[in-house]
Amino acid sequence: MTAPQTSDEELEAVSRHMLGAICRDVEEYAALEDMVKRDLVATNIDTAWLFLKVLDRRQMPTDGQLGLLASAARQRAHQGIPLAALLRAYRVGAHAMWRRLSSARPDLDPHLLTDSTLRYIDCASSAAEVAYIAERDEMLNSLAEATRSTLSRLVEDDFESPRARRRALRALGLDPACPHVAAVIAPKASAAHPKGVDRDLAEVLREVRQAMPSAACAQLGQGLVLLVPAGHTDE
């Protein structure tokens with residue numbers, strides 16, 4: 001079985017075998033909706049096809065050939081799949097693919113097949129990790145900017161209507177019908193070293209995001225502004 005000789009039906013069978021192994025081993029993938037799993041089948045077909053080409057040519061794929069896998073990794077970031085689960089899925093899927101294809105390629109030297117598989121897993125998962133992290137960082141930066149803009153408008157009451165205000169809060173994942181506690185963290189007086197204060201506030205911002213992931217927080221001119229879903233200030 002070479003890449004050109006492999007039928008669409010055979011590739012899909014390999015892909016579904018990979019997906020079954022992944023869903024049994026990685027719970028985040030097992031919980032995905034059927035529509036997403038159909039997308040995973042298509043991604044696994046690309047993975048199996050690319051791996052067969054690696055075996056045929058005895059060389060690792062180029063960055064251009066890995067583009068489809070990188071694109072799929074970016075989609076996983078948007079679907080909320082943790083990076084650790086993504087990388088484990090690559091390992092589990094590649095192992096399932098190796099077992100399936102090794103029985104279909106008795107002509108290949110087993111040592112060559114094993115070496116190619118390990119190198120391919122490293123190559124493909126590295127490309128996926130880079131793409132995933134870049135997409136995740138872009139998503140976080142976009143959310144941070146949206147949060148900063150919305151909190152700034154709330155402080156200034158810069159909305160054309162209550163409806164527009166509610167819509168902006170919902171865009172941040174906040175429920176405008178629930179009570180919130182607002183707080184501003186800032187120096188008591190004019191700071192002698194503004195850059196030092198900015199660094200301190202940035203550190204507090206990181207701590208707040210870790211401790212209260214449901215809060216909307218951003219560093220504005222007034223200081224660090226927080227909007228926390230809560231009806232009281234205890235704890």
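Welcome to the tour! Our opening stop is the largest pocket, whose lining residues divide into 10 nonpolar, 4 polar and 1 charged. Keep in mind as you click along that this is a predicted model.

**Stop 1: the largest pocket**

Select Leu 143, Thr 147, Arg 209, Pro 213 and Ala 215. Of the 15 residues lining the largest pocket, these lie nearest its centre. The space in this pocket comes to about 340 Å³. Now colour α6 and β2 (216–220), since each of them supplies at least two residues of the lining. Which element gives the largest share of this lining? That is α6, with 5 residues.

**Stop 2: along α6**

Stay with α6 and select residues 110–156. Try a check on its length: at 1.5 Å a residue, the 47 residues of α6 should span 69 Å. Its end C-alpha atoms are 68 Å apart, which agrees with that expectation.

Next, step just past the helix to Asp 157, which follows α6. You are now in the loop between α6 and α7 (162–171). What is special about the phi of Asp 157? The angle is near 55 degrees, a positive value in a residue other than glycine.

**Stop 3: the sheet**

Select β1, β2 and β3 together. These 3 strands form an open sheet in the order β1-β3-β2, with antiparallel pairing. Why do β1 (180–185) and β2 each have one side without a neighbour in the sheet? They stand at the edges with a single partner strand each, so one side of each is left free of a neighbour. On average, neighbouring strands here are turned by 15 degrees against each other, direction ignored.

Zoom in on β2 and its partner β3 (residues 223–229). The two strands run antiparallel and are joined by 5 bridges. To see one place where they face each other, select Leu 220, which stands opposite Gly 223 in β3.

Now bring α6 back into view beside the strands. This helix packs on the sheet and touches β2 and β3. Its direction makes about 80 degrees with that of β2.

**Stop 4: the cavity**

For the last stop, look inside. The structure holds 1 cavity of 30 Å³ or more, and the volume of the largest cavity is about 200 Å³. Select Ile 22, Asn 44, Thr 47, Ala 89 and Tyr 90 to find its centre: of the 20 residues that line the cavity, these are the closest to that point.

Which elements give two or more residues to this lining? Colour α1 (8–25), α3 (34–57), α4 (67–78), α5 (83–104) and α6 (110–156) to see them. Among these, α5 gives the most, with 5 residues. By residue type, the cavity lining divides into 14 nonpolar, 5 polar and 1 charged.

Before you close the viewer, go back to α6 once more. You have met this helix in the lining of the largest pocket, packed on the sheet and in the lining of the largest cavity.

Definitions and conventions. Residues are numbered from 1 along each chain as its sequence is written. This is a predicted model: local features need pLDDT of at least 70, side-chain atom pairs count only at pLDDT 80 or more; totals for chains, interfaces and linings use all residues. Side-chain values use heavy atoms; hydrogens and water are left out. On a 1 Å grid over the protein atoms alone, a cavity is a set of points where a 1.4 Å probe fits but cannot get out, and a pocket is an open set with protein on both sides within 12 Å along at least five of seven lines; lining residues have an atom within 4 Å of a point. Grid points are joined across faces, edges and corners, and a volume is the space filled by probe spheres set on the points. Helices (H or I, at least four residues) and strands (E, at least two) are DSSP runs, numbered from the N terminus. Ala, Val, Leu, Ile, Met, Phe, Trp, Tyr, Cys and Pro count as nonpolar, Asp, Glu, Lys and Arg as charged, and the others, Gly among them, as polar. Two strands pair if DSSP finds at least two bridges between them. Axes are lines fitted to C-alpha atoms, for helices over the stretch in contact, and angles run from 0 to 180 degrees between N-to-C directions. Contact means heavy atoms within 4.5 Å. The expected span of a helix is 1.5 Å times one less than its number of residues.
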